[in-house]
Amino acid sequence: MNDEDIKLRQALQELTDCGKENQPNQPRLIEALRLQYPHEITLVEKVARFDEEDPKLRFNCYQYAFDIIKAEPVYRIASRFKSEVWVSRKYVMFLVNRSLKETTSEEARDDDVVIYMKDGVIMHAGKVSGGHVISKWGAGSHVWKHRVFETPIKYGSDLR
């Protein structure tokens, strides 16, 4: 990874740290970054609004990567109890240790899950798609298609 890649990742970090009030501006701001740091980041799914009461909008990268967000029972349970049905990094680590099979980057196929780690801690997940990754950057945020390391820097650079 070169200096420009690191600067892009730092800029992406700043954009995603701004919170839900900045969420509507992210697509425009990420597109504007292209002038300074050429990238292949494209918007896949725009979250129309951040609504903490709607479990269909309140999901994280792990739920997206493992297709849990699409499961209607998850919505029903979360709505019924007004609680979060949240897949955490602890649960993903359980999957890594118990049931996921690690592959090399050469073996990766579409819909395989990519797990990002920093200092041995799981930080992010996405899905392989056409040589890129599709992932959600933060709860209540949009879904992006990007190259492997075109992500906020806090997600780390150790991939599984």
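In the predicted model, the side chains of Asp-158 and Arg-160 meet in a salt bridge, with a distance of 2.6 Å from N to O. Asp-158 counts as partly exposed, its relative accessibility being 31%, and Arg-160, at 42%, likewise counts as partly exposed. Arg-160 also forms a salt bridge with Glu-102, in which the closest N and O atoms are 3.8 Å apart. Because Arg-160 lies in the segment after β6 (158-159), whereas Glu-102 belongs to the loop between α5 (89-98) and β2 (113-118), this pair ties together parts that are 58 residues apart in sequence. Glu-102 itself counts as exposed, with a relative accessibility of 54%, a value that lies over the 50% cut-off for this class.

Seven salt bridges are found in the structure. One of them pairs Lys-127 with Asp-67, and here the closest N and O atoms are 2.9 Å apart. Lys-127 is located in strand β3 (residues 121-129) and Asp-67 in the loop between α3 (61-65) and α4 (72-81), so that parts 60 residues apart in sequence are tied together by the pair. The two partners fall into separate accessibility classes: Lys-127 is buried, with a relative accessible area of 9%, whereas Asp-67 is partly exposed, with a relative accessible area of 36%. The value for Lys-127 is under the 20% limit that defines a buried residue.

Turning to the nonpolar interior, the largest nonpolar core holds 15 residues, of which Leu-12, Ile-30, Leu-33, Ile-41 and Trp-137 touch the most other members. Two or more residues of this core are given by each of the elements α1 (3-16), α2 (26-36) and β2, and the largest share, four residues, comes from α1. The surroundings of Leu-33 can be described in further detail: when its neighbours within four places in sequence are left aside, Leu-33 is in contact with Leu-8, Ala-11, Leu-12, Leu-15 and His-39. A second core, separate from the one just described, is made up of 11 residues, among them Tyr-62, Phe-66, Val-92 and Leu-95. In soluble globular proteins, nonpolar side chains tend to be buried together.

Technical notes: Residues are numbered from 1 along each chain as its sequence is written. This is a predicted model: local features need pLDDT of at least 70, side-chain atom pairs count only at pLDDT 80 or more; totals for chains, interfaces and linings use all residues. Side-chain values use heavy atoms; hydrogens and water are left out. A salt bridge is a side-chain nitrogen of Lys or Arg within 4 Å of a carboxyl oxygen of Asp or Glu. Buried means under 20% relative accessible area, exposed over 50%, partly exposed in between (1.4 Å probe, protein chains only). A nonpolar core is a set of buried Ala, Val, Leu, Ile, Met, Phe, Trp, Tyr and Cys residues joined through side-chain atoms within 4.5 Å. Contact means heavy atoms within 4.5 Å.
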